[in-house]
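Visitor: Please take me slowly through one part of this model, as you would for someone who will check each statement against the coordinates. I would like a single connected account of how that part is built and what surrounds it.

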Amino acid sequence: TASIGEADSLGMIGASRAMQELRRRIVQIAPTDETVLITGESGTGKELVARAIHAQSQRNTGPLVSLNCPSLSSQLTESELFGHRRGAFTGADDDRVGRFEMAGGGTILLDEVTEIDLSLQAKLLRVLQEKTFERVGCSETRQTNVRIVASTNRDLNEEVAGHRFRQDLYYRLAVIPLVIPPLRDRDDDVHLLADHFLSRAAKRLDRPVCTLEPEVRQLFASY
């Protein structure tokens, strides 16, 4: 698969019908404050769609803060999300502000949200329901004012059926579901992306833009 992001830097998410429908949906939902769940294979541009939603939202003057959920342990993920008080655990040498506080007035992107442990999913559910949380090691309840956008490359129905993801959290996240199709289902977009990459390479190398022969385009489209 290939990212839609490079083409979208030219203002084009894609020429295919599926991507034009995705663009229409982004324009439709961005001004709302509803939670969005973006699903799609790795490399399809989920983070770029999240950025487009934030940029066209009423929160676009606020921050867009993201957390790559698979890269951290459960304890560190909780600290990154909600912050912690000094001494809350080994290595917590100072108070720390979490991503929910950092994103105040803006949007938080939970990238690959299915990688969050079940125990922490319950705390995340509370944030969605009550808009409150506590820092790790602290009993003070804090309010949060953020829009939540989550992404995953997994099938959430399978994750719920396998008891790896809470069903109630799934319903809270999937208020507005967006599905990004892979490039193999968007033949027209192959040519759009190829032309953009050629143009960008020519500019970087200060050389004329190469022209793809029809046979090469056909090869790319059928790959």
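Guide: Let us begin with a cysteine: Cys69 has a relative accessibility of 2% and therefore counts as buried, since the cut-off for that label is under 20%. Please keep in mind throughout that this is a predicted model. Cys210, in contrast, is exposed, with a relative accessible area of 54%, and a search of the whole structure finds zero disulfides.

The part I would like to examine closely is the open sheet of five strands, whose order is β2-β5-β8-β1-β9 and whose pairing is parallel. Its edges are formed by β2 and β9, each of which pairs on one side only. On average, and with direction ignored, neighbouring strands of this sheet are turned by 20° against each other. For orientation, the protein as a whole contains ten helices and nine strands, and 43% of its 223 residues count as buried.

Starting from the edge strand β2, which covers residues 64–68, we find two faces that are treated unlike each other: Val65 and Leu67 lie on the covered face, while Leu64, Ser66 and Asn68 lie on the uncovered one. Five bridges connect β2 to β5, the strand of residues 107–111, and the two run parallel. Within this pairing, Ser66 of the uncovered face has Leu109 of β5 as its bridge partner.

Moving inward to β5, the burial is complete along the strand: five of its five residues are buried, so β5 is largely enclosed by the rest of the structure. Thr107, Leu109 and Asp111 point one way, whereas Ile108 and Leu110 point the other way, and the residues of both sets are buried. Beyond β5 comes β8, to which β5 is joined by four bridges in a parallel arrangement, with Thr107 standing opposite Arg147 of β8.

The next step across the sheet leads from β8 to β1, and here too four bridges join two strands that run parallel. Val36 can serve as a reference point for this pairing, as it stands opposite Val149 in β8. Helix α2 packs on the sheet, where it touches β1, β8 and β9, and its direction makes about 155° with that of β9.

Helix α3 also belongs to this picture, for it lies across β1, β2, β5, β8 and β9 and runs at about 150° to β1. The helix spans residues 46–55, and its buried residues are Lys46, Val49, Ala50, Ala52, Ile53 and His54. Those buried residues pack not only against β1 (36–39), β2, β5, β8 (147–152) and β9 (176–179), but also against helix α2 (17–29).

How, then, are α2 and α3 arranged relative to each other? They pack with their axes 8 Å apart and at an angle of about 40°. The contact brings together Leu22, Ile26 and Ile29 from α2 and Val49, Ala52 and Ile53 from α3. The helices are therefore oblique to each other, because an angle counts as roughly parallel under 35 degrees and as roughly perpendicular from 65 to 115. Their crossing is right-handed. Val49, Ala52 and Ile53 thus appear both in the contact with α2 and among the buried residues of α3.

For a point of reference elsewhere in the chain, consider helices α9 (residues 187–205) and α10 (residues 214–222), which pack at an angle of about 125° with their axes 9 Å apart. These two are therefore also oblique to each other, and their crossing is likewise right-handed. On the α9 side the meeting residues are Asp187, Val190, His191, Ala194 and Asp195, and on the α10 side they are Arg217, Phe220 and Ala221.

One more residue is worth inspecting, namely Ser79, which lies in helix α4, residues 74–82. Ser79 is buried, with a relative accessible area of 3%. If residues up to four places away in sequence are set aside, Ser79 touches His84, Phe89, Arg96, Gly98 and Val136. In the protein as a whole, residues 24 or more positions apart account for 72% of the contacts with a separation of 6 or more.

Definitions and conventions:
Residues numbered from 1 in each chain as written. Predicted model: local features only at pLDDT ≥ 70, side-chain atom pairs only at ≥ 80, totals over all residues. Heavy atoms only, no water. Buried < 20%, exposed > 50% of the residue type's maximum accessible area, 1.4 Å probe, protein only. Pairing = 2+ DSSP bridges. Contact = heavy atoms within 4.5 Å. Disulfide = S-S within 2.5 Å. Axes fitted to C-alpha atoms, helices over the stretch in contact; angles between N-to-C directions. Parallel < 35°, antiparallel > 145°, perpendicular 65-115°, else oblique. Left-handed = near helix turned anticlockwise from the far one by under 90°.
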